[in-house]
Amino acid sequence: MIVSHKHKFIFLKTKKTAGTSIELALTRLCGDEDVITPLAKSDEALRAKGRGAQNWERHGWWQSRRPFWKRRMFRRAAQDYGFYNHITAAAAKDLIGDDRVWRDYFKFAFDRNPWDREVSYYFHCYRDGAERPSFERFERGDRRARLNNYEIYSLGGDVAVDFVGRYESLAEDLKHALAQVGVTGDLDLPRAKSTFRTEKRPYREYYTDATQALVGDRYKPEIALLGYEF
């Protein structure tokens with residue numbers, strides 16, 4: 001997640017949409033006062049040409065809004081101190097505090113065809129080498145199977161950003177978003193987290209009629225917003 005006071009934009013980072021690659025690219029545009037949330041150590045190493053995490057801390061651990069039992073004792077977790085990766089629009093707006101910033105800055109996010117995104121996430125969840133269940137079993141029984149991307153860029157069920165780009169036209173849509181704040185030209189997108197999917201079959205081959213309908217029902221808002229089809 002990035003709040004750029006230098007260029008007056010807010011980037012809300014969604015899941016399985018090349019968000020880390022986008023953030024790595026955007027950090028090259030940031031100034032001293034901009035907010036950049038921490039990434040995993042392996043991804044931080046890719047920020048060689050950009051800034052690292054900065055200005056994301058806003059309060060002490062004891063002021064975290066997460067339930068006490070969810071806090072990671074003896075481990076520094078960004079969500080307990082302020083801005084964090086995949087922060088929701090509601091939480092980001094609250095931490096920014098200044099209504100003028102939220103109102104006047106250009107806000108954008110990205111999303112992806114949910115049927116394709118879900119297959120990518122399936123491989124991501126089992127990237128550590130653990131035995132992988134069938135895709136249908138994952139969809140029907142794994143608590144992690146539901147991604148909350150729409151909640152990240154919406155408030156009260158309504159879209160809260162000025163632009164939602166598509167993963168399928170990533171470079172073009174990122175260029176369009178940045179043009180809204182006067183940043184022109186092509187921005188190099190580094191590759192991050194692109195090796196988890198070990199099978200390259202078309203995503204449609206993973207689905208039965210039942211799981212196709214399940215995912216379609218689960219992600220109705222973004223499907224309607226962006227016109228995705230199976």
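Me: How many aromatic pairs does a search of the whole structure find?
Reply: The search turns up 18 aromatic pairs. Keep in mind that this is a predicted model.

Me: Take Phe9 and Phe108. Why is this aromatic pair called tilted?
Reply: Two rings pair if their centres lie within 6.5 Å, and Phe9 and Phe108 are 5.8 Å apart centre to centre. Their planes make an angle of 55°. Under 30 degrees would be stacked and over 60 would be edge-to-face, so 55° lands on tilted.

Me: What parts of the chain does the pair link?
Reply: Distant ones: Phe9 belongs to strand β2 (residues 9-11) and Phe108 to strand β4, 99 residues apart. Phe9 and Phe108 are both buried.

Me: And what makes the pair of Tyr122 and Phe123 edge-to-face?
Reply: The angle does, because 65° between the planes is over the cut-off of 60. The ring centres of Tyr122 and Phe123 are 5.1 Å apart, within the 6.5 Å limit.

Me: How do you know whether Tyr122 and Phe123 are buried or exposed?
Reply: Buried means under 20% relative accessible area. Tyr122 has 6%, so Tyr122 is buried. Phe123 has 1%, so Phe123 is buried too.

Me: Which residues form one aromatic cluster?
Reply: Trp115, Tyr121, Tyr122, Phe123, Tyr126, Phe135, Phe138, Tyr203, Tyr206, Tyr207 and Phe230.

Me: What makes you say that a charge sits over the ring of Tyr167?
Reply: The charged end of Arg112 is 4.0 Å from the centre of that ring, and the distance limit is 6 Å. Arg117 has a similar spot over the face of Tyr219, at 4.5 Å from the ring centre, again within 6 Å.

Me: Arg117 is in α5, I think. How do you know that the span of helix α5 agrees with what it should be?
Reply: Yes, Arg117 is one of the buried residues of α5. The helix runs over residues 114-125, which makes 12 residues. At 1.5 Å a residue, taken for one less than the number of residues, the expected span is 16 Å. The end C-alpha atoms are 16 Å apart, so the two agree.

Me: Why is α5 called largely enclosed?
Reply: Because 12 of its 12 residues are buried. What covers them includes β4 (106-111), α6 (135-141), α7, α9 (209-218) and α10 (220-226).

Me: What caps the N-terminal end of α5?
Reply: Asn113 does, with a side-chain oxygen 2.9 Å from the backbone nitrogen of Trp115. That fits the 3.5 Å cut-off for a polar contact.

Me: Cys125 is in α5 too. How do you know whether Cys125 and Cys30 are buried or exposed?
Reply: Cys125 is at 9% relative accessibility and Cys30 at 5%. Both values are under 20%, so both residues count as buried.

Me: How many disulfides are there?
Reply: The count comes to 0 disulfides. A disulfide is a covalent bond between the sulfur atoms of two cysteines. To be counted here, a pair of cysteine sulfur atoms must lie within 2.5 Å, so a count of 0 says that no pair passes that test.

Me: What makes Glu139 and Arg218 buried?
Reply: Glu139, in helix α6, has 3% relative accessibility, so Glu139 is under the 20% cut-off. Arg218, in helix α9, is at 18%, which is still under 20%, so Arg218 counts as buried as well.

Me: How do you know that Glu139 and Arg218 are in contact?
Reply: Contact means heavy atoms within 4.5 Å, and Glu139 is on the contact list of Arg218, along with Glu118, Ala145 and Arg146. The contacts of Glu139 include Glu118, Ala145 and Arg218.

Me: Why is Ile152 called buried?
Reply: Because its relative accessibility is 0%, and the cut-off is under 20%. Ile152 lies in helix α7 (residues 149-152). Its contacts include Leu12, Lys13, His86 and Ile87. The C-alpha atoms of Ile152 and His86 are separated by 6.9 Å, although these residues are 66 apart along the chain.

Me: What makes helix α1 mostly covered?
Reply: 8 of the 8 residues of α1 (residues 19-26) are buried. For the protein chain, 47% of its 230 residues count as buried.

Definitions and conventions
Residues are numbered from 1 along each chain as its sequence is written. This is a predicted model: local features need pLDDT of at least 70, side-chain atom pairs count only at pLDDT 80 or more; totals for chains, interfaces and linings use all residues. Side-chain values use heavy atoms; hydrogens and water are left out. Helices (H or I, at least four residues) and strands (E, at least two) are DSSP runs, numbered from the N terminus. Buried means under 20% relative accessible area, exposed over 50%, partly exposed in between (1.4 Å probe, protein chains only). A polar contact is a pair of N or O atoms within 3.5 Å; within protein, one must be able to donate a hydrogen and the other to accept it, and residues adjacent in sequence count only if both atoms are side-chain atoms. Rings of Phe, Tyr and Trp (its six-membered ring) pair if their centres lie within 6.5 Å; planes under 30 degrees apart count as stacked, over 60 as edge-to-face and the rest as tilted. A charge sits over a ring if NZ of Lys or CZ of Arg is within 6 Å of the ring centre and within 35 degrees of the ring normal. Lists of a residue's contacts leave out its neighbours within four places in sequence.
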